[in-house]
Amino acid sequence: TQNASDDDFLEFRCIPLHGHVRQIWVPVKTIRGSGPPTDELTRLNRTHHIFVGVALRRRKGGERQDVSAARCLWADYDNGLPEPWPEAIPPPSMVVESSPGRFHYYWFLDGGSIDLDVVEHCNARIAVLTGGDSVGDRARVMRVPGFRNHKHSEKPVSILRECHLDR
(Lines give C-alpha, C1' and ligand atoms only; values in the text may rest on other atoms or scores of the structure.)
Protein backbone atom coordinates (compact mmCIF):
# COMPACT_ATOMS: atom_id res chain seq x y z
CA THR A 1 0.00 0.00 0.00
CA GLN A 2 3.07 2.25 -0.13
CA ASN A 3 2.42 5.24 -2.46
CA ALA A 4 -1.28 4.31 -2.64
CA SER A 5 -3.88 6.97 -1.99
CA ASP A 6 -5.65 6.84 1.39
CA ASP A 7 -8.86 7.29 -0.61
CA ASP A 8 -8.39 4.00 -2.51
CA PHE A 9 -9.96 0.69 -1.47
CA LEU A 10 -8.90 -2.93 -1.31
CA GLU A 11 -11.73 -5.20 -2.44
CA PHE A 12 -12.30 -8.54 -0.76
CA ARG A 13 -14.78 -10.59 -2.77
CA CYS A 14 -16.40 -13.38 -0.78
CA ILE A 15 -18.10 -15.89 -3.07
CA PRO A 16 -20.44 -18.29 -1.25
CA LEU A 17 -20.92 -21.95 -2.01
CA HIS A 18 -24.62 -21.02 -2.32
CA GLY A 19 -26.18 -17.58 -2.34
CA HIS A 20 -25.01 -14.07 -3.15
CA VAL A 21 -21.52 -12.64 -3.49
CA ARG A 22 -20.42 -10.32 -0.71
CA GLN A 23 -17.86 -7.57 -1.23
CA ILE A 24 -15.92 -6.02 1.63
CA TRP A 25 -14.30 -2.64 0.95
CA VAL A 26 -11.32 -1.73 3.10
CA PRO A 27 -9.84 1.76 2.75
CA VAL A 28 -6.07 1.85 2.21
CA LYS A 29 -5.76 4.02 5.32
CA THR A 30 -7.34 1.18 7.37
CA ILE A 31 -4.93 -1.39 5.90
CA ARG A 32 -2.05 0.89 6.86
CA GLY A 33 -3.44 1.19 10.39
CA SER A 34 -5.16 -1.92 11.69
CA GLY A 35 -4.89 -4.20 8.63
CA PRO A 36 -7.59 -6.17 6.83
CA PRO A 37 -10.68 -7.54 8.63
CA THR A 38 -9.12 -10.98 9.18
CA ASP A 39 -11.65 -12.13 11.80
CA GLU A 40 -14.58 -11.44 9.49
CA LEU A 41 -12.84 -13.01 6.49
CA THR A 42 -11.92 -16.10 8.52
CA ARG A 43 -15.55 -16.48 9.63
CA LEU A 44 -16.79 -16.08 6.07
CA ASN A 45 -14.27 -18.61 4.77
CA ARG A 46 -16.28 -21.40 6.42
CA THR A 47 -18.83 -21.02 3.62
CA HIS A 48 -17.18 -18.65 1.10
CA HIS A 49 -14.21 -18.51 -1.23
CA ILE A 50 -12.12 -15.43 -0.31
CA PHE A 51 -10.58 -13.35 -3.10
CA VAL A 52 -8.85 -9.97 -3.18
CA GLY A 53 -8.73 -7.39 -5.96
CA VAL A 54 -5.16 -7.44 -7.25
CA ALA A 55 -5.35 -3.74 -8.15
CA LEU A 56 -6.66 -0.95 -5.93
CA ARG A 57 -10.17 0.46 -6.42
CA ARG A 58 -10.93 4.19 -6.58
CA ARG A 59 -14.50 3.54 -5.47
CA LYS A 60 -16.59 0.64 -4.23
CA GLY A 61 -16.98 -1.31 -7.45
CA GLY A 62 -15.49 -4.40 -9.00
CA GLU A 63 -15.47 -3.32 -12.65
CA ARG A 64 -12.52 -2.12 -14.76
CA GLN A 65 -13.61 1.55 -14.48
CA ASP A 66 -13.39 1.25 -10.67
CA VAL A 67 -9.67 0.37 -10.65
CA SER A 68 -7.27 3.18 -9.75
CA ALA A 69 -3.76 1.70 -9.69
CA ALA A 70 -1.83 -1.54 -9.79
CA ARG A 71 0.92 -2.36 -7.31
CA CYS A 72 2.07 -5.45 -9.23
CA LEU A 73 1.80 -7.56 -12.37
CA TRP A 74 0.26 -11.03 -12.03
CA ALA A 75 -0.18 -14.41 -13.69
CA ASP A 76 -2.12 -17.59 -12.96
CA TYR A 77 -0.84 -21.11 -13.66
CA ASP A 78 -3.52 -23.80 -13.43
CA ASN A 79 -1.78 -26.12 -15.89
CA GLY A 80 1.78 -26.15 -14.56
CA LEU A 81 4.76 -23.87 -14.90
CA PRO A 82 6.97 -23.55 -17.97
CA GLU A 83 10.16 -25.60 -17.94
CA PRO A 84 12.58 -23.97 -18.25
CA TRP A 85 11.38 -20.58 -17.06
CA PRO A 86 11.79 -18.01 -19.91
CA GLU A 87 14.90 -15.86 -19.41
CA ALA A 88 12.99 -12.77 -20.60
CA ILE A 89 10.73 -12.91 -17.53
CA PRO A 90 12.32 -12.17 -14.13
CA PRO A 91 11.54 -14.44 -11.19
CA PRO A 92 8.36 -13.41 -9.36
CA SER A 93 8.28 -11.30 -6.21
CA MET A 94 5.59 -13.49 -4.67
CA VAL A 95 4.25 -17.00 -5.29
CA VAL A 96 0.92 -18.26 -3.94
CA GLU A 97 -0.11 -21.90 -4.32
CA SER A 98 -3.86 -21.41 -4.76
CA SER A 99 -4.53 -25.17 -4.60
CA PRO A 100 -2.22 -28.17 -5.04
CA GLY A 101 -0.10 -27.66 -8.15
CA ARG A 102 -1.77 -24.36 -9.14
CA PHE A 103 0.02 -21.06 -8.67
CA HIS A 104 -0.39 -17.29 -8.74
CA TYR A 105 2.76 -15.33 -9.52
CA TYR A 106 3.13 -11.62 -8.72
CA TRP A 107 5.80 -9.09 -9.71
CA PHE A 108 5.85 -6.01 -7.47
CA LEU A 109 6.06 -2.64 -9.23
CA ASP A 110 8.30 -0.07 -7.60
CA GLY A 111 5.90 2.81 -6.90
CA GLY A 112 2.98 1.12 -8.66
CA SER A 113 1.32 2.13 -11.91
CA ILE A 114 -1.73 4.14 -12.84
CA ASP A 115 -1.28 3.24 -16.52
CA LEU A 116 -3.59 0.26 -16.33
CA ASP A 117 -3.53 -0.36 -20.09
CA VAL A 118 0.21 -1.02 -19.81
CA VAL A 119 -0.37 -3.30 -16.79
CA GLU A 120 -2.93 -5.34 -18.74
CA HIS A 121 -0.61 -5.52 -21.76
CA CYS A 122 2.30 -6.72 -19.60
CA ASN A 123 0.09 -9.30 -17.86
CA ALA A 124 -1.03 -10.60 -21.27
CA ARG A 125 2.59 -10.82 -22.53
CA ILE A 126 3.66 -12.69 -19.39
CA ALA A 127 0.80 -15.16 -19.90
CA VAL A 128 1.75 -15.74 -23.54
CA LEU A 129 5.48 -16.12 -22.82
CA THR A 130 5.01 -18.42 -19.83
CA GLY A 131 1.90 -20.40 -20.78
CA GLY A 132 -0.18 -18.80 -18.03
CA ASP A 133 -3.93 -18.41 -17.97
CA SER A 134 -5.58 -15.27 -19.36
CA VAL A 135 -6.31 -13.44 -16.09
CA GLY A 136 -4.53 -10.13 -16.56
CA ASP A 137 -7.52 -7.80 -16.55
CA ARG A 138 -7.31 -4.86 -14.17
CA ALA A 139 -10.41 -5.80 -12.15
CA ARG A 140 -9.15 -9.34 -11.49
CA VAL A 141 -9.57 -10.94 -8.07
CA MET A 142 -7.29 -13.76 -6.90
CA ARG A 143 -7.35 -16.14 -3.94
CA VAL A 144 -5.99 -14.83 -0.66
CA PRO A 145 -3.24 -16.90 0.97
CA GLY A 146 -4.31 -18.62 4.17
CA PHE A 147 -7.92 -19.22 3.14
CA ARG A 148 -9.67 -22.42 2.05
CA ASN A 149 -10.41 -23.27 -1.55
CA HIS A 150 -13.84 -24.94 -1.44
CA LYS A 151 -13.62 -25.94 -5.10
CA HIS A 152 -11.86 -29.16 -4.08
CA SER A 153 -13.26 -31.85 -1.79
CA GLU A 154 -10.25 -31.69 0.54
CA LYS A 155 -10.65 -27.88 0.79
CA PRO A 156 -6.95 -27.01 0.68
CA VAL A 157 -5.70 -23.72 2.05
CA SER A 158 -3.97 -21.40 -0.42
CA ILE A 159 -0.37 -21.00 0.69
CA LEU A 160 2.11 -18.15 0.39
CA ARG A 161 5.14 -20.07 -0.96
CA GLU A 162 7.55 -17.17 -1.58
CA CYS A 163 7.70 -13.46 -0.93
CA HIS A 164 10.68 -11.34 -1.95
CA LEU A 165 10.14 -7.67 -1.18
CA ASP A 166 13.40 -6.85 -2.97
CA ARG A 167 12.17 -8.11 -6.37
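Is Asp 66 buried or exposed? In this predicted model, Asp 66 has a relative accessible area of 7% and is therefore buried, since the cut-off for that class is under 20%. The residue is found in the loop between strand E4, residues 56-57, and strand E5. Leaving out residues up to four places away in sequence, Asp 66 touches Leu 56, Arg 57, Arg 58, Arg 59 and Gly 61. A further point of reference is Val 28, which is separated from Asp 66 by 38 residues in sequence and by 15 Å in space, taken from C-alpha to C-alpha.

From this loop the reader may turn to the start of the chain, where strand E1 spans residues 9-16 and has seven of its eight residues buried. E1 runs antiparallel to strand E2, residues 22-27, and six bridges join the two. It also runs antiparallel to strand E3, residues 48-53, to which five bridges join it. Phe 12 illustrates both pairings, for its bridge partner in E2 is Ile 24, while in E3 it stands opposite Val 52. The hairpin of E1 and E2 has five residues between the strands, and Gly 19 in this hairpin takes a positive phi near 115 degrees.

A positive phi is also found at Lys 155, where the value is near 50 degrees and the residue is one other than glycine. Lys 155 lies in the loop between strand E8, residues 141-143, and strand E9, residues 159-163. With a relative accessible area of 35%, Lys 155 is partly exposed, because this value falls between the limits of 20% for buried and 50% for exposed residues.

The loop between strand E5, residues 67-77, and strand E6, residues 94-99, holds another backbone feature, for Pro 84 has its place there. The peptide bond that leads from Glu 83 to Pro 84 is cis, with omega near -5 degrees. Ser 93 is found in the loop between E5 and E6 as well, and with a relative accessible area of 1% it is buried. What does Ser 93 contact, once its neighbours within four places in sequence are left aside? The residues in contact with Ser 93 are Tyr 106, Trp 107 and Phe 108, together with Glu 162, Cys 163, His 164 and Arg 167.

Trp 107, one of these contacts of Ser 93, leads on to the aromatic residues. Trp 107 lies in strand E7, and its relative accessible area of 6% makes it buried. The C-alpha atom of Trp 107 is separated by 6.3 Å from that of Trp 74, although the two residues are 33 residues apart along the chain. Trp 107 also forms one aromatic cluster with Tyr 77, Trp 85 and Tyr 105.

How many aromatic pairs does a search of the whole structure find? The search finds five. A pair of aromatic rings is described by the distance of the centres and the angle of the planes. For Tyr 77 and Tyr 105 the ring centres are 5.2 Å apart and the planes stand at 65 degrees, so the pair is edge-to-face, the class that begins over 60 degrees. This pair links distant parts of the chain, since Tyr 77 belongs to strand E5 and Tyr 105 to strand E7, residues 102-113, with their positions 28 residues apart in the numbering. Both partners are buried, Tyr 77 at 1% relative accessibility and Tyr 105 with a relative accessible area of 10%.

The last stop is the second largest pocket, in which about 180 Å³ of space lies. Its lining is made up of 15 residues, and the closest to its centre are Phe 51, Asp 76, Asp 78, His 104 and Arg 143. Which strands each supply at least two residues of this lining? They are E6, E7 and E8, and the largest share, three residues, comes from E8. By residue class, the lining of the second largest pocket divides into six charged, five polar and four nonpolar residues.

Technical notes:
Residues are numbered from 1 along each chain as its sequence is written. This is a predicted model: local features need pLDDT of at least 70, side-chain atom pairs count only at pLDDT 80 or more; totals for chains, interfaces and linings use all residues. Side-chain values use heavy atoms; hydrogens and water are left out. Helices (H or I, at least four residues) and strands (E, at least two) are DSSP runs, numbered from the N terminus. Buried means under 20% relative accessible area, exposed over 50%, partly exposed in between (1.4 Å probe, protein chains only). Rings of Phe, Tyr and Trp (its six-membered ring) pair if their centres lie within 6.5 Å; planes under 30 degrees apart count as stacked, over 60 as edge-to-face and the rest as tilted. On a 1 Å grid over the protein atoms alone, a cavity is a set of points where a 1.4 Å probe fits but cannot get out, and a pocket is an open set with protein on both sides within 12 Å along at least five of seven lines; lining residues have an atom within 4 Å of a point. Grid points are joined across faces, edges and corners, and a volume is the space filled by probe spheres set on the points. Ala, Val, Leu, Ile, Met, Phe, Trp, Tyr, Cys and Pro count as nonpolar, Asp, Glu, Lys and Arg as charged, and the others, Gly among them, as polar. Contact means heavy atoms within 4.5 Å. Two strands pair if DSSP finds at least two bridges between them.
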